[in-house]
Amino acid sequence: MTAIKHALQRDIFTPNDERLLSIVNVCKAGKKKRNCFLCATVTTERPVQVNVVKVKKSDKGDFYKRQTAWALRDLAVVDAKDALKENPEFDLHFDKVYKWVASSAVEKNTFISCIWKLNQRYLRKKIDFINVSSQLLEESVPSGESQSVAGGDEEAVDEYQELNAREEQDIEIMMEGCEYAIANAEAFAEKLSRELQVLDGANIQSIMASEKQVNILMKLLDEALKEVDQIEIKLSSYEEMLQSVKEQMDQISESNHLIHLSYTNNVKLLSEIEFLVNHMDLAKGHIKALQEGDLTSSRGIEACTNAADALLQCMNVALCPGHDMLHAVKQQQQRFSDLREQFARRLASHLNSVFVQQGHDQSSTLAQHSVELTLPNHHPFHRDLLRYAKLMEWLKNTDYGKYEGLTKNYMDYLSRLYEREIKDFFEVAKIKMTGTTKEGKKFATLPRKESAVKQETESLHGSSGKLTGSTSSLNKLSVQSSGNRRSQSSSLLDMGNMSASDLDVADRTKFDKIFEQVLSELEPLCLAEQDFISKFFKLQQHQNISGTTNETEEIDGGNLSRSYISGVPQTISSEKDMIRQMMTKIFRCIEPELNNLIALGDKIDSFNSLYMLVKMSHHVWTAQNVDPASFLSTTLGNVLVTVKRNFDKCISNQMKQMDEVKISKKSKVGILPFVAEFEEFAALAESIFKNAERRGDLDKAYTKLIRAVFISVEKVANESQKTPRDVVMMENFHHIFATLSRLKISCLEAEKKEAKLKYTEHLQSYVVYSLGQPLEKLNHFFEGVEARVAQGIREEEVSYQLAFNKQELRKVIKEYPGKEVKKGLDNLYKKVDKHLCEEENLLQVVWHSMQDEFIRQYKHFEGLIARCYPGSGITMEFTIQDILDYCSSIAQSH
């Protein structure tokens, strides 16, 4: 171990200016195969740093390397595991616990002893040495002695001390007196010994000379002890005297404490009495107001309100523990309870009387509204009742049972009052819509034909409305004979349209105004009543009332559920729901009446559903912006569903009528009724839905209707026998295209392009089919020429064919002089005029297209003559200019 120690000092610590003081061969607990050394070192430079260094043998050779170093000041605990038995295990607690096993217990003890001594000398730090034998922990070395710290090397270091300047000077003086000291050390030592003996003798003589002074000092000490005994005796007597004084002072202090305690109790008692008197004493004026106060005048209501608030404060005062056991407090509380019960009963009775009285006054003014489309104004009623709002809040907080009863009575009575008013209001609205009185008599505002149309419509189609009646009239017009079709249809249209078109527009406008007025009257009525309920019954929009559950009471028809015990309510639903439920109970007739009015409007004219959808959507949107969960918003939303259903039904009826339409086999078709209906529907809808919130519903309806119109037009065209299919398609799709172009409906752009395409396609088809081959023989001749060319004969050689020589060509051309051509064109014009209808005015368009087609055929023939008969000089007997003149003359003559 000594060799290893010297090697470590030389190779590792000397280069780092450190001295190795102690070493122990260790391995980690549980890993005995990998040995290392723990070294205790100090630095040679000041201030001295003490470290514990872990040194390990290198795996690549026999030299050692420094692995880890810990400062001794970081060491917290040294645990030797067992102070009685020899045990090689020990723990060092630095930043974490390091468990080691030494090669022997002796090395472990030597290392721990060195750590203890280094701590005592350099650090003076509190390091806990646990389970360490007391023999290893030596006491501190006295300052005047030289003590070993850690082994032989340290002792050698401590024995040698450097001389200071004073010591060096004394030695030099001594050696100057003995010049031979350096040459003869033994003589110098003998001289020093003799001088030391002389000094020892002088010291002994000095001690013997001082014995007399010692005796004198001892005598003085004896006398001082006697004086001390006398002082102690006096102090004891003084202490006895002070003891009696102390007992008297203790008695006085105890008496003062009792006096202070009594005073404190009296002050507290007075404070409690003043608290009870100040907070549980109700003024006589308040008592009189609660018992006899006038609840009809504003001054009396204010006095009763102040008295009720004061009573509530007295009843709700926070008593200290034990107050409720006082007899006077119990009596006062009972008195307050009696006053509260008496005033609550009187207030509830008075408010019930006010409800009845105000209702009678309101009913008296109902007659003046019976002939006008207005609802009675309840503002005066609300204004008078709002004077009692604070008293209602007091009643709600003190006696919820009576508050609940007033709520029920108010709803029951007001629901009957509003039901009478609203039913009369809707009755007036129905009369204004239908023009009939309650007895069913007609107002003389509509012509007889209009009434007949309405009655026929309602009997045949139920609620499909005037639109269906108009369709029936148009269907009748479409089946008239073609002999005098224009005159008959004109007269019938004059008769029918006067009642079913012009008057329809007026009736629809009137219906729209009436429906808007109904909604405009209902909306402020409901909002005013909801605002009044919230203020009068103190129902906030976003608060809940908490309490204990005992018993549930449900209000019939309103689903107003509350649970309460001893007047303290337990809310099953929020107060916002309570407001909505009260409104539902009070205005339970609004939704059925609105639905009946909507059904009537739909029965009068199915197009009224468009007006209703727009108006109802706007009012629903407005109500939802104010409060999405309010009664008004919910009710109008439910009615909007019905209106939307009627609107969808109107669209479905139109589609059904298109599918069921029948045409006459003996008269030409013209513009189909449902095409005209779609134009009427679209024009009306665009005027109604301008800037409307429910534009998307109309766009969906447009898409359904236009597809049904396209399908039905093709169906009728395929079934038509009198009018060619191409004419039916051309005229109706031209009408559809014109309608869509005029109305500029953005969602039907694709259908507009499709209608134009179908119109153009069928126009061309009709022109080609109707024009046919006006120069039939000439056309057959040139078809043969084209056939020979197709067989491979050169065009200039066709004239050598026997059947297609120049003579044959001239013979065929002579059969078509200008006069015959004009006659054929005139017959063609009459035929086209017979096929087309006047409403669409497409005769000139078709005629111009036929003219262009005829000219195209003419140019084709001239081209064949020029190529197949070059230089022959053969030409047609009429020119293109002749064709233009013929067509113009024919068009002007007709």
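A crossing of two helices is called left-handed if the near helix is turned anticlockwise from the far one by less than a right angle, and helix 8 passes helix 11 in just such a left-handed crossing. The structure shown above is a predicted model, and its chain has 28 helices and 11 strands. This briefing begins with the chain as a whole, then turns to two pairs of packed helices, and ends with individual residues and details of the backbone.

**The chain as a whole**

- The chain has 894 residues, and buried residues make up 41% of them.
- The accessible surface of the chain comes to about 50,200 Å², and 52% of this surface belongs to carbon and sulfur atoms.
- If one takes the contacts in the chain between residues at least 6 apart in sequence, 67% of these contacts join residues at least 24 apart.

**Helix 8 and helix 11**

- Helix 8, which covers residues 298–315, packs with helix 11, which covers residues 389–398, at an angle of about 25 degrees, and the axes of the two helices are 9 Å apart.
- Because angles under 35 degrees count as roughly parallel, helix 8 and helix 11 are described as roughly parallel to each other.
- On the side of helix 8, the residues that meet the partner helix are Ile 301, Cys 304, Thr 305, Ala 308, Asp 309, Leu 311 and Leu 312, while helix 11 contributes Lys 390, Leu 391, Trp 394 and Thr 398.
- Sorted by the character of their side chains, the residues of this contact between helix 8 and helix 11 divide into 7 nonpolar, 2 polar and 2 charged.

**Helix 24 and helix 25**

- The axes of helix 24 (residues 776–791) and helix 25 (residues 806–814) come within 8 Å of each other, and they cross at roughly 155 degrees.
- Since angles over 145 degrees count as roughly antiparallel, helix 24 and helix 25 are therefore roughly antiparallel to each other.
- Here too the handedness can be stated, for helix 24 passes helix 25 in a left-handed crossing.
- The contact is made by Lys 777, Leu 778, Phe 781 and Phe 782 on helix 24, together with Glu 808, Leu 809, Val 812 and Ile 813 on helix 25.
- The residues of the contact of helix 24 with helix 25 divide into 6 nonpolar and 2 charged, with no polar residues among them.

**Three buried residues**

- Ser 415 lies in helix 12, which runs over residues 400–434, and with a relative accessible area of 2% this serine is buried.
- When its neighbours within four places in sequence are left aside, Ser 415 is in contact with Tyr 410, Lys 585, Ile 586 and Arg 588.
- Leu 375 is found in the loop between helix 9 (327–364) and helix 10 (379–385), and its relative accessible area of 8% makes Leu 375 a buried residue.
- Although Leu 375 and Val 518 are 143 residues apart along the chain, their C-alpha atoms are separated by 9.1 Å.
- Pro 724 lies in the loop between helix 21 (695–719) and helix 22 (725–743), and it counts as buried because its relative accessible area is 19%, the cut-off for a buried residue being under 20%.
- Apart from its neighbours within four places in sequence, Pro 724 is in contact with Tyr 766 and His 835.
- Pro 724 and Leu 836 are 112 residues apart in sequence, yet in space they are 9.5 Å apart from C-alpha to C-alpha.

**Backbone details to look for**

- Most residues other than glycine have a negative phi, and most peptide bonds are trans.
- Asp 17 has a phi near 60 degrees, which is a positive value in a residue other than glycine.
- Asp 17 sits in the loop between helix 1 (2–13) and strand 1 (18–28), where it is partly exposed, with a relative accessible area of 38%.
- Lys 744 also has a positive phi, of about 55 degrees, although it is not a glycine.
- Lys 744 lies in the loop between helix 22 and helix 23 (749–771), and at 67% relative accessibility this lysine counts as exposed.
- The peptide bond from Arg 46 to Pro 47 is cis, with omega near 0 degrees, and Pro 47 has its place in the loop between strand 2 (31–43) and strand 3 (50–57).

Key
Residues are numbered from 1 along each chain as its sequence is written. This is a predicted model: local features need pLDDT of at least 70, side-chain atom pairs count only at pLDDT 80 or more; totals for chains, interfaces and linings use all residues. Side-chain values use heavy atoms; hydrogens and water are left out. Helices (H or I, at least four residues) and strands (E, at least two) are DSSP runs, numbered from the N terminus. Buried means under 20% relative accessible area, exposed over 50%, partly exposed in between (1.4 Å probe, protein chains only). Contact means heavy atoms within 4.5 Å. Axes are lines fitted to C-alpha atoms, for helices over the stretch in contact, and angles run from 0 to 180 degrees between N-to-C directions. Angles under 35 degrees count as roughly parallel, over 145 as roughly antiparallel, 65 to 115 as roughly perpendicular and the rest as oblique. Ala, Val, Leu, Ile, Met, Phe, Trp, Tyr, Cys and Pro count as nonpolar, Asp, Glu, Lys and Arg as charged, and the others, Gly among them, as polar. Accessible areas come from the Shrake-Rupley method with a 1.4 Å probe; for residues, only the protein chains shown count as cover.
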